[in-house]
Amino acid sequence: MGDNVRLDKYLSSQLNVSRNDAKKLLRGGSVTVNGTVTKKGDVSVKPYEDTVAVSGHTLEYKKYIYIMQHKPKGVVSASVSPSDVTVIDILPEELRRSGLFPAGRLDKDTTGFVLITDDGEFAHNILSPSHHVEKTYLAETGEILTDDDIKRFLDGMKVGEDVFRPAGIKFMEKHGDNYVYEVKICEGRYHQIRRMFASCGKPLLELSRIKIGELSLSEDLLPGQSREISPDELKKIREKSL
Ligand code: URA
């Protein structure tokens with residue numbers, strides 16, 4: 001299963017080290033392939049069949065990585081930024097590898113579930129509206145939505161030049177003097193939910209993403225924390241369609 005990979009490339013991707021450092025490791029004699037010490041980087045390995053070990057520890061090959069992050073306020077959904085802290089900057093060391101990016105953007109002030117991966121095709125599939133992967137948000141506003149407002153969400157609303165697809169909307173609870181709504185959308189247009197509420201004359205006070213597809217943000221993940229998504233959890237994202 002899968003393509004063959006050069007050993008130095010394999011080590012560099014799985015250990016999150018440069019290709020040069022992978023070569024140094026090989027020269028040091030601590031890498032084995034199927035139990036045999038291997039010093040050459042250009043040796044070809046079958047990632048899912050060959051057993052590669054470093055200092056006796058077998059590596060579990062992962063072609064791609066999928067991370068759930070609880071984004072705090074003030075952090076930007078980008079891979080790099082000249083001025084702001086990014087969702088990649090706050091990843092713990094053990095989850096870092098090259099090529100990671102957030103699959104979809106939350107505004108700087110929005111909190112909640114950001115999915116970070118290095119799998120471009122997966123990201124495209126969950127972001128493209130045609131794949132109908134719902135994103136669920138909690139939106140807090142100071143004023144209650146009218147029946148006409150709700151109808152605009154459900155019918156698909158025109159805001160400026162944009163026409164948004166029909167969205168799910170449900171009143172959840174009062175939070176002090178404010179009103180909390182659950183909003184479900186399959187698109188990810190710029191400031192979409194903020195603009196939908198503002199267009200009804202009810203500017204948002206807080207916005208948080210709580211779910212992608214059928215995968216909820218873990219309650220025990222504090223703002224700023226990240227963890228890897230398991231293969232079973234990943235299916236929950238992919239399988240959900242409207
Ligand atoms: N809609 C918004 O307005 N902002 C977000 O961050 C996500 C959806």
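## A buried aspartate and its surroundings

D8 counts as buried, because its relative accessibility is 0%. The structure described here is a predicted model, and this report takes its salt bridges in turn before moving to a central strand pairing, a pocket and two loop residues.

### Salt bridges

Side chains of opposite charge can pair when their charged atoms come close. In this model the count comes to 18 salt bridges. One of them joins K23 to D8, with the closest N and O atoms 3.9 Å apart. This pair links distant parts of the chain, since K23 belongs to helix α2 (residues 19–27) and D8 to helix α1 (residues 7–15), 15 residues apart. Unlike the buried D8, K23 is partly exposed, with a relative accessible area of 32%.

A second salt bridge is formed by D155 and K151, and here the closest N and O atoms are 2.6 Å apart. Because D155 and K151 are four residues apart in helix α4 (residues 147–155), about one helical turn separates them. D155 counts as partly exposed at 48% relative accessibility, and K151 is also partly exposed, with a relative accessible area of 48%.

A third salt bridge brings together the side chains of E233 and R227, at 2.9 Å from N to O. E233 counts as buried because its relative accessibility, 18%, is under 20%, whereas R227, with a relative accessible area of 23%, is partly exposed. Elsewhere, R6, D8, R19 and K23 are joined into one network by salt bridges that share partners.

The three pairs described above are set out below.

| Salt bridge | N to O distance |
|---|---|
| K23 and D8 | 3.9 Å |
| D155 and K151 | 2.6 Å |
| E233 and R227 | 2.9 Å |

### Strand β9 and its partners

Strand β9 (residues 111–117) is largely enclosed by the rest of the structure, because seven of its seven residues are buried. Strand β7 (residues 66–71) pairs with β9 in the antiparallel sense over six bridges, and within this pairing Q69 stands opposite V114 of β9. Strand β8 (residues 101–102) also runs antiparallel to β9, to which two bridges join it; F101 has T117 in β9 as its bridge partner. With β15, by contrast, β9 runs parallel, and two bridges join these strands, T111 having S208 in β15 as its bridge partner.

### The largest pocket

Rolling a probe the size of a water molecule over the atoms shows where empty space is left. The largest pocket holds about 430 Å³ of space. Its lining is made up of 24 residues, of which R105, L106, D107, G188 and R189 are the closest to the centre of the pocket. At least two lining residues come from each of β10 (135–141), α5 (192–199) and β15 (204–212), and α5 gives the most, with three residues. Sorted by class, the lining of this pocket has 10 nonpolar, six polar and eight charged residues.

### Two loop residues with positive phi

N34 is a residue other than glycine with a positive phi, near 50°, and it lies in the loop between β2 (31–33) and β3 (36–37). N34 counts as partly exposed, because its relative accessibility is 45%. S55, which is not a glycine either, has a positive phi of about 50°, and its place is in the loop between β5 (52–54) and β6 (57–58). S55 counts as exposed because its relative accessibility, 53%, is over 50%.

Definitions and conventions:
Residues numbered from 1 in each chain as written. Predicted model: local features only at pLDDT ≥ 70, side-chain atom pairs only at ≥ 80, totals over all residues. Heavy atoms only, no water. Buried < 20%, exposed > 50% of the residue type's maximum accessible area, 1.4 Å probe, protein only. 1 Å grid on protein atoms, 1.4 Å probe; cavity = no way out; pocket = protein on both sides within 12 Å on 5 of 7 lines; lining within 4 Å. Points joined across faces, edges and corners; volume = space filled by probe spheres on them. Nonpolar A, V, L, I, M, F, W, Y, C, P; charged D, E, K, R; others polar. Pairing = 2+ DSSP bridges. Salt bridge = Lys/Arg side-chain N within 4 Å of Asp/Glu carboxyl O.
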